[in-house]
Amino acid sequence: KHCKELTPNFEVASNMIEEEKLPVQFAKVDAEAHTDIASKFGVDGFPSLRYFKNNEEQVIDASSIERDAESIAAWVRRVSKAADRVQHLTSVEKIEEFIEGKAGGVYVCGYFADDEHAEIFIDIAKSFKFPVRFAWTTEPAAQDLLGVEKVNSIALYKPYDEKKMFYSLEKPLEGSLKAKEDMASIMNKMIGVPLEEAKKLIPESKEAREFTDWVKKMMLPLVVPLNDAYMDLIFSGPVKTHLIVVFDPEDDEETFQTLKAQVAEVALVNRGEVLHIMLPSFEETQQMLEFFKVSDRKLPTAVFSDMREASEDEPQGQQYLFPRKEKFNAETLLKFEEKGLKKSKSKSKTDQKDNDEL
């Protein structure tokens with residue numbers, strides 16, 4: 001049923017991409033007839049969308065996107081650009097051009113002693129699933145241009161919050177991701193473990209994991225407005241636990257900025273663990289307010305949502321509402337968030353009264 005529903009949208013998306021002259025080919029595979037392909041790429045649900053770069057060098061899953069034609073086409077545009085996002089900066093001019101950030105968004109530049117030290121950084125960048133551009137260089141001038149203190153350091157640039165952040169490697173990144181993929185391939189061929197599952201069984205090195213987690217954490221704004229520009233980041237980004245603060249858009253600017261500062265104060269405490277979102281309450285967002293069960297609440301209010309618990313029956317995930325009688329400020333909001341995190345981590349699903357208040 002779902003495969004038949006996807007087919008026309010898939011074909012429309014293919015035509016859209018072809019008209020835009022993007023060098024991407026669309027193809028369909030009957031996974032039930034070709035079980036070896038399904039097993040190799042860990043396909044256990046249908047329909048499944050995958051993007052392949054350089055044959056099988058880079059495989060990106062599309063499990064989190066909507067299946068209408070425009071969403072599919074938008075996803076293809078995004079990943080096709082992301083697949084080519086690792087640049088080797090071989091001159092001062094190229095470094096300067098990259099850090100000017102004319103393309104916008106989040107971008108990361110690593111300064112390394114030599115090509116060998118940059119190898120794992122490049123592998124991490126190629127496999128990074130989120131919209132961040134990466135570059136690396138061994139040019140000595142990069143130390144001053146990036147503002148890093150020493151070689152084997154990384155600068156992250158973003159158009160919000162701190163604007164520029166640094167990551168210093170105490171020792172070189174270890175454990176090639178290519179070696180990990182080779183080991184996964186061996187496990188697949190010898191004992192039949194699906195390729196994607198095999199990759200999950202082979203741990204990354206501590207240094208590589210810590211760096212990847214740092215980029216995921218720092219790429220996110222402290223406070224995210226819930227609008228079309230950020231939908232992909234919210235629902236397909238690395239953080240699946242959300243604190244949604246609902247406010248009255250008719251509040252004066254001072255009241256709004258005070259509220260935003262309170263949310264940012266809370267966001268600093270659990271940065272990278274919770275995504276902090278601000279949602280205005282007006283007619284256009286009424287459906288969202290009902291989705292989060294806050295349409296009848298006094299404003300401002302908040303809902304803690306654990307999207308890891310989301311399912312077809314419960315697309316909103318596990319939700320907890322800010323207590324009606326609690327005064328709303330940074331202190332009570334943080335207390336509420338900490339309770340939500342604790343509840344989320346315990347995965348307890350005991351029934352709660354008053355629309356699952358905490």
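In this predicted model, the side chains of lysine 158 and glutamate 162 are joined by a polar contact of 3.1 Å. Lysine 158 is found in the loop that lies between β6 (153-157) and β7 (164-168). With a relative accessible area of 4%, lysine 158 is buried, because buried residues are those under 20%. When its neighbours within four places in sequence are left aside, lysine 158 is in contact with Gly105, Val106, Lys163, Met165, Met218, Leu220 and Arg271.

Attention now turns to a sheet in the model. Strands of a sheet pair through backbone hydrogen bonds, and this pairing is either parallel or antiparallel. Here, five strands in the order β8-β10-β9-β11-β12 make up an open sheet, and their pairing is mixed. The edge strands, each of which pairs on one side only, are β8 (223-225) and β12 (318-321). From one strand to the next, the twist averages 25°.

Both senses of pairing can be followed at β9, which spans residues 241-247. On one hand, β9 pairs with β10 in the parallel sense over six bridges, and within this pairing isoleucine 244 has isoleucine 277 of β10 as its bridge partner. The connection between these two strands is a right-handed β-α-β crossover, in which the chain passes from β9 through α11 to β10. On the other hand, β9 and β11 run antiparallel and are joined by six bridges, with valine 245 standing opposite alanine 302 in β11.

The surroundings of β9 are also reflected in its accessibility, for seven of the seven residues of this strand are buried, so β9 is largely enclosed by the rest of the structure. Thr241, Leu243, Val245 and Phe247 point one way from the strand, whereas His242, Ile244 and Val246 point the other way, and all of these residues are buried.

Further along the sheet, strand β11 (residues 301-306) pairs with β12 in the antiparallel sense over four bridges, and valine 303 is placed opposite leucine 321 in β12. Helix α13, which comprises residues 330-346, packs on the sheet and touches β9, β10, β11 and β12, while its direction makes about 20° with that of β11. Helix α11 (residues 253-269), the helix of the crossover described above, lies across β8, β9 and β10, and runs at about 160° to β10 (275-280). Strands β9 and β10 are thus named among the strands in contact with α13, and they are also among those across which α11 lies.

Key:
Residues numbered from 1 in each chain as written. Predicted model: local features only at pLDDT ≥ 70, side-chain atom pairs only at ≥ 80, totals over all residues. Heavy atoms only, no water. Buried < 20%, exposed > 50% of the residue type's maximum accessible area, 1.4 Å probe, protein only. Polar contact = N/O pair within 3.5 Å; in protein donor to acceptor, adjacent residues only side chain to side chain. Contact = heavy atoms within 4.5 Å. Pairing = 2+ DSSP bridges. Axes fitted to C-alpha atoms, helices over the stretch in contact; angles between N-to-C directions. Right-handed = clockwise from strand over helix to strand, strands pointing away.
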